[in-house]
Amino acid sequence: MTWPRPKLVRTRLTLWYVFVLGALLVVFAASASFVLVWHMRAQLERQAVQDLETVEGLLYFSGDGQLRLNEEYHNHPESKLVQDRLLEVLSVDGMILYRNDRLGMRTIGGAPFTGEGVGGYSERSIHASDGTLVILASRQHLLQGYPILIRLAYSQKPIWNRLTHFLLILLLALPLTLAAAGFAGYMMANRALDPIGQMAQRAEQITTERLHDRLPIESNDELGHLARVFNQMLSRIEQSFEQLRRFTADASHELRTPLASIRSVGEVGLQKDASPEEYRDTIGSMLEEINRLTSLIDSLLTLSRADAGQIPMKLEVFPIAEIMEEAASLLDVLIEEKRLTFNFEGEKNALVRGDRLILRQAAVNILHNAVKFTPAGGSISARVICEGSCTLLSITDNGPGIATEHLTKVFDRFYRVDPARADENKGAGLGLSIAQWAARAHDGEIGLSTVPEGGCKFWIRLPLVSSNPAV
Amino acid sequence: MQILVVEDEEKLAGALQKGLEAEKHSVRVVHSGEEAFFLASTERFDLVLLDIMLPGRDGLDILRALRQKNSNLPVLILTSKDAVEDRVRGLKAGADDYLVKPFAFPELLARVEAIARRSNRTEVTSAMRLADLEMDTLRHSASREGHELTLTSREFELLEYLLRHQDRVVSREMLARDVWNETGRYTPLDNVIDVHIAHLRQKLDEPFGKRLLHTVRGVGFVLREEM
């Protein structure tokens, strides 16, 4: 059987609280009853011994040889527990010599057991002949030279009466206590959990339009911690949203620019009759824009697949220097064209694991970027060095460098240091974003720093597989 | 060649028809899968250009049905889905080749001819000529008016490719893929190609009177003798 699980934490907390308290109270009642019974029995036994001694002194044989009890002297105050005093005196061979009135015709214990009352007091819990549970104290005594066995018994009924009484009181108090505790527990849970409700309410109001809202942090406790974590998460979400929004705006701007050119070139071309040569030129110009548009969409598609992790990687191990050499040989004609000097040095055997084409793409894009921004006659140098468990590929140019405020943004999509120079020669501003993705997809990092003597240094840091000097 | 064009986008279908007819092919255009299947099973074609996204019956469906009936009709699929798995599915369904939209028309022509060559088994020759340009790929030599041209190996490959496709416009994408072996569409090689073309032009055309290497604005380059 399964219990229906209460929906609210506060209800669950309260129920647990009440349950645990109830269990504790039951344990308490049990141990208290045990102690109570034990204590009262000990008291009764002590009483019995005292009484036994008194009775010894009061017994005498009368003239006719009958055993009698001097009742007149028996006036010591009886505790409530010992009201039910039963007295039996036997001869050592088991003959009943005396019974008090309260005992009447009943017997306690029957024939004496071996060693009963010899050399001290015997105490035991037995049933009298009518079934009453009694505490029996017995002692052998030499009365006027005649050995007798004195048995004194007290009914245990008062003990059980008291216990019942005690338990009854507890039974009445328990539900009340539990109800009070439950109520108090519920209030406490409420107080503790209220801030969560408030946080939830506040969080509900934070929509995409109001992402700058934050949860109030009122304390330094666990809930304050939770609120802080929430706020940090909100900051990250806001940042990604902002990035996405800017990306969408930039993308539509970038797509619209070639479209506007195509449109106006086409419209102008149709305005008046022209020679086939002029028409050819018009169409060619439109096709150029279309090519731009196509490669832009290809890059965007690549990036969005990369974001979704949908680009399959063919992993292999190879020296990172190779991709740099390949990139350089691909672009050497551009380097020569601008009369740039290019040199490449460093660890030729530093091995990395990755998709060769994707990593080469990154190297090509960075080198291409350097070629574009280095003025004619300048120089570009590439280096591969090993740093602990990483290898660092860097490409340094001696171009004009880059202002510090752009340093972190150059890898953003569509970011251009100088927006006015967005001609087709400089590309759409996606090459470095693709390079960044390539580095990150290989558990690497990409970065840019300025060089003191001018120019900038792009670097890609990748985990090193090993550096094999033998190859 | 008898070419069946299956394309529901009428503008594109019309452009394909015009372009292929200008290349002396005879073209039938249909706009739906059912029509395509009917025509392909009743008439004889040398090649089918098949769009994947079609109203009614899916292009891949048609392809599979065709393959079950007539196993060797060459099919080139046109798809706007650039994902690898779509290409794989297309090739698995029995396509001979595929092109991703938007494609350059010269590219389409080159693919169509490659398929035609495959079925005709024409020999690839090592010696080629155009006007006074002679080239021998075995001897690795090229000359104009009998004068040897000194070309770098990349320039030689470029010239060879242009000469093999003489009188045809060759797009930058084709050059990037076939001469530079760049498979990634997003590797921006346009600048590199342009510079190499400029170098080649300096050696090939400038010392001689007649220009052979022409730029077709917005499309690419062509090696031809202008009348």
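This is a short walk through a model with two chains, A and B, taking the cores, a few helices, the contact and some unusual backbone spots in turn.

Before the details, please keep in mind that this is a predicted model, in which local features need pLDDT of at least 70 and side-chain atom pairs count only at pLDDT 80 or more, while totals for chains, interfaces and linings use all residues. Residues are numbered from 1 along each chain as its sequence is written, and chains are lettered from A, with ligands numbered from 1, in the order in which they are written.

Let me start with helix H5 of chain A, residues 320–337, where helices are DSSP runs of H or I with at least four residues, strands are E runs of at least two, and both are numbered from the N terminus. This helix has 18 residues and reaches 26 Å from its first C-alpha to its last, close to the 26 Å expected at 1.5 Å a residue, the expected span being 1.5 Å times one less than the number of residues. There is nevertheless a kink of about 55 degrees centred on A:Leu331, the bend being the angle between axes fitted to the seven residues ending at a residue and the seven starting there. Just after H5(A), A:Arg339 takes a positive phi of about 50 degrees.

Among the buried residues of H5(A) are A:Ile320, A:Met324 and A:Leu331; here buried means 20 or more other C-beta atoms within 10 Å of a residue's own, exposed means 12 or fewer, and partly exposed lies in between, with C-beta atoms placed from the backbone. A:Ile320 and A:Met324 are also among the residues with the most contacts inside the largest nonpolar core, which has 62 residues, such a core being a set of buried Ala, Val, Leu, Ile, Met, Phe, Trp, Tyr and Cys residues joined through C-beta atoms within 7 Å. The largest share of this core, 9 residues, comes from helix H6 of chain A, residues 356–373. A second, separate core of 27 residues includes B:Ala36, B:Leu78, B:Tyr98 and B:Val112.

That brings us to chain B, which has 8 helices and 12 strands, and in which 30% of the 227 residues count as buried. In its helix H2, residues 33–42, the buried residues are B:Gly33, B:Ala36 and B:Ala40. Seen down the helix axis, they fall within an arc of 60 degrees, so they line one face of H2(B), the arc being that of the directions from the axis to the C-beta atoms. On the other side of H2(B), B:Phe38 and B:Thr42 are exposed.

Further along, B:Glu155 is found in helix H6 of chain B, and B:Glu155 counts as buried because 20 other C-beta atoms lie within 10 Å. Leaving out residues up to four places away in sequence, B:Glu155 touches B:His196, B:His199 and B:Leu200, where a contact means C-beta atoms, placed from the backbone, within 7 Å.

Where the chains meet, the contact takes 16 residues from chain B and 26 residues from chain A. On the side of chain B, the largest share, 4 residues, comes from helix H8, residues 190–204.

I will finish with the backbone. The peptide bond from B:Lys101 to B:Pro102 is cis, with omega near -5 degrees, and B:Pro102 sits in the loop between strand E5 and helix H5 of chain B. B:Asp167, although not a glycine, has a positive phi of about 70 degrees.
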